[in-house]
Every structure is written in C-alpha cells, then in structure tokens.
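Please examine the structure shown below together with its sequence. The briefing that accompanies it is arranged by topic.

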Amino acid sequence: MAIYLDIIWALNFLFDSLLLYLTAILLKRDVRLWRILMGGLIGSVIILLSITPLHSYSSHPMVKLLFSVVMVMAAFGFKRLTYFLKGLMTFYLTTFLIGGSLIGVHYFLKFDNDLTSSVMIASVKGFGDPISWLFVLLGFPIAWHLSKKNMESLEMTKIQYDSLIQVWIEIKGKKYQFKGLVDSGNQLYDPISRMPVMFVSIKDVVDQLPKELVRIAQNPDEAILGKQPIHADWESLIKVIPSKVVGSDHQLILAIKPDSIVLETNEEIIDVDKGLVSFSMQQLSADDAFQCIVHPKMLTGAKKVS
C-alpha cells in the first residue's frame with residue numbers, strides 16, 4: 001500500500017493547528033494566527049521523524065510529551081508555571097476529546113474496513129483498527145464544532161454580570177482598548193458625583209499611555225499626599241475616592257474622568273455616560289484574561305449605541 005507522506009504531514013499540521021486554536025478558544029486567550037501555525041508546524045515534525053533513523057524514538061511517550069510542551073510554548077508562550085500548565089492540560093483535553101469523538105463515531109457506524117480501504121488515503125497505526133484519513137478529514141470539523149459548543153455550554157458563570165467584554169477608554173483625544181471583566185463585586189462609587197469606578201491595569205501597556213498618567217499610576221500615594229505634583233492639564237480630571245479593601249477599612253485611590261468609555265458586549269455597544277477610571281500597575285488577572293474590572297452599573301445606566 002502506498003503511503004502519501006506529504007498528505008499525512010499536511011493533515012497532521014492542520015489538525016495540530018486546529019487543536020491549538022480550540023485550546024485558545026476554551027481558555028479565552030488572544031493568540032496570533034502565526035503562533036498557532038508555528039505550534040502546529042512543530043507538532044507535525046514528529047511525522048517526518050517516523051521515516052528517519054530516529055523513528056524508534058519518535059513514538060516514545062516522553063518524546064510526544066516534549067513535542068506537546070514545545071507546541072504549547074510556541075502558541076501561548078510561558079508567562080508563569082500555572083499559566084503554562086493550564087494551557088498544556090487544556091490542549092491534551094481537546095486532543096483526547098476530539099480523538100475520542102472520532103473513534104466513538106467510527107465504531108458506532110461500524111465501518112467495513114475492507115470497503116473503506118479502497119478510499120483510504122493512508123492508515124494510522126494506533127489503538128484498535130486503522131481509521132481512514134478520509135474519515136478523519138471529514139469527521140474532524142464536526143467533532144471540533146460539537147466539542148467547542150459543548151465545552152462552552154459547560155462553562156460556569158456565577159452571576160449574569162461575570163463576563164468578558166471589550167472596553168475602549170478615550171483620554172486626551174486618544175483611545176485605548178482593554179479586555180474587561182464585568183464584576184458585580186465592584187460597587188465603588190465616587191461619593192459626591194455617584195459615578196461608578198472602573199479599575200484598569202496598565203502594567204503591559206505603559207509605553208502606549210501618557211507619561212503623566214503612568215507616573216500617577218506608579219505612585220498614587222505620593223500624588224494623594226501632595227508629595228508628587230500633578231500637571232495642571234490633569235488636575236481637573238483627577239478625583240480622590242475613599243474605598244474599603246480587605247485588611248484596611250479606609251483607603252484613598254485616584255480616579256480619572258476620561259473623555260469617553262465605550263463597552264462592547266456580545267449583543268450591543270454601550271456608551272457610558274458617567275464613569276471614572278482608576279489606573280494601576282497591579283496585574284488584575286493571573287493569566288492575563290482581562291486588564292480591567294468593569295462596574296456593573298456602567299452597563300445598566302448607559303446609552304446603548306447598538
């Protein structure tokens with residue numbers, strides 16, 4: 001039987017890339033397409049090793065684990081150990097989920113191997129009977145789609161407002177985009193104007209923001225105590241707001257009144273009429289899933305654009 005190595009390699013490259021893409025969707029990570037393709041390319045190299053003198057090593061579980069580690073690092077990077085392990089475990093989950101779905105459907109339909117062998121592009125020697133690459137090629141998109149939908153439906157949400165949205169903040173005529181988490185636990189208001197307050201981490205976008213804003217965010221206590229002078233152009237935008245946090249009954253934070261705040265949910269775009277933003281150098285999400293915590297009042301007491 002002739003084996004078309006180029007087709008087998010191309011299919012593995014495609015499937016590895018799609019598995020990494022599904023992993024990114026389940027983890028809600030924004031990953032560039034070229035990184036997904038790079039990870040898929042690395043994974044497909046193991047197919048090429050099977051025809052080299054190293055073929056005895058390419059099928060070893062530790063070698064496969066090593067390739068998986070490199071694939072996940074290429075696609076998502078390494079920010080911290082928990083971030084990496086979560087990506088690796090989710091990648092294996094999607095792999096077993098898709099593979100198990102294809103094998104289950106294959107034996108459920110009870111394909112006649114003698115009949116399907118005539119349309120086989122190549123065969124995969126693995127657990128059980130060989131499965132036609134043609135069957136895998138046709139069944140993978142279906143299994144991928146159903147698995148994605150099922151995983152999304154199993155996601156647990158504690159309350160209605162706990163969701164990720166896109167946030168645009170305009171300051172001094174320039175707009176900045178963040179990914180925000182709408183959290184009902186954030187109930188901070190300016191006691192005078194009753195404007196809700198949003199918290200934004202600028203740790204990863206320091207180079208994009210005005211220097212005065214970054215300086216205030218880096219040393220808010222000095223600005224509050226008057227040890228650090230504030231530029232005259234920013235004095236009218238800044239408000240000092242009392243807040244309560246765990247371990248401290250009274251704390252003062254600085255918030256800025258931006259030119260505009262626009263929130264984009266899955267259903268609509270909302271122009272927030274009244275709102276303040278407190279910028280901080282503190283990272284709000286351990287896995288960088290979001291950069292700001294949105295006050296739920298900003299979604300209810302706002303003008304709906306669409």
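The following notes cover overall make-up, a central strand, nonpolar cores, salt bridges, the surface and backbone angles.

This is a predicted model, in which local features need pLDDT of at least 70 and side-chain atom pairs count only at pLDDT 80 or more, while totals for chains, interfaces and linings use all residues. Residues are numbered from 1 along each chain as its sequence is written, and side-chain values use heavy atoms, with hydrogens and water left out. The protein chain contains 11 helices and 10 strands; these are DSSP runs numbered from the N terminus, with at least four residues (H or I) for a helix and at least two (E) for a strand.

**Overall make-up**

- Of the 306 residues in the protein chain, 39% are buried. Buried means under 20% relative accessible area, exposed means over 50%, and partly exposed lies in between, with a 1.4 Å probe and protein chains only.
- Among contacts (heavy atoms within 4.5 Å) with a separation of 6 or more, 64% join residues 24 or more positions apart.
- The protein chain has an accessible surface of about 18100 Å², and carbon and sulfur atoms contribute 61% of that surface. Such areas come from the Shrake-Rupley method with a 1.4 Å probe, and for residues only the protein chains shown count as cover.

**Strand E3 and its partners**

- Strand E3 (residues 197-201) is largely enclosed by the rest of the structure, because four of its five residues are buried.
- E3 pairs with strand E8 (residues 276-280) in the parallel sense over five bridges; two strands count as paired if DSSP finds at least two bridges between them. Within this pairing, Val197 has Leu276 of E8 as its bridge partner.
- E3 also pairs with strand E9 (residues 292-294), in the antiparallel sense and over two bridges. Here Phe199 is matched with Ile293 of E9 as its bridge partner.

**Nonpolar cores**

- The largest nonpolar core holds 32 residues, and the members that touch the most others are Met198, Val200, Leu263, Phe279 and Val294. Apart from this core lies another, of 16 residues, among them Ile36, Tyr83, Leu88 and Tyr92. A nonpolar core is a set of buried Ala, Val, Leu, Ile, Met, Phe, Trp, Tyr and Cys residues joined through side-chain atoms within 4.5 Å.
- Leaving aside residues up to four places away in sequence, Met198 touches a set of residues including Val167, Ile169, Ile261, Leu263, Leu276, Val277, Ile293 and Met298.
- Ile270 belongs to strand E7 (residues 269-272) and is buried, with a relative accessible area of 0%. Its C-alpha lies 7.0 Å from that of Leu299, although the two residues are 29 apart in sequence.

**Salt bridges**

- The whole structure has two salt bridges, each defined as a side-chain nitrogen of Lys or Arg within 4 Å of a carboxyl oxygen of Asp or Glu.
- One of them joins the side chains of Lys179 and Asp30, at 3.0 Å from N to O. This pair links distant parts of the chain, 149 residues apart: Lys179 is in strand E2 (residues 174-182), and Asp30 is in the loop between helix H1 (5-27) and helix H2 (33-49). Lys179 is buried at 12% relative accessibility, whereas Asp30 is exposed at 68%.
- Arg215 and Glu212 form a salt bridge through their side chains, at 2.6 Å from N to O. Both residues lie in helix H8 (residues 211-218), three residues apart, about one turn of the helix. Arg215 is partly exposed at 28% relative accessibility, and Glu212 is buried at 14%.

**Surface patch**

- A nonpolar surface patch consists of Met73, Phe78, Leu81 and Leu85, with about 380 Å² of accessible area together. Patches are made of residues with over 30% relative accessible area and no salt bridge; like charges are joined within 9 Å, and nonpolar side chains (Val, Leu, Ile, Met, Phe, Trp, Tyr) within 5 Å.
- Leu81 of this patch is placed in helix H5 (residues 81-109) and is exposed, at 52% relative accessibility.

**Positive phi angles**

- Most residues other than glycine have a negative phi.
- Lys172 has a positive phi, near 55°. Lys172 sits in the loop between strand E1 (163-171) and E2 and is partly exposed, with a relative accessible area of 43%.
- Arg194 likewise has a positive phi, of about 65°. Arg194 is located in the loop between E2 and E3 and is exposed at 52% relative accessibility.
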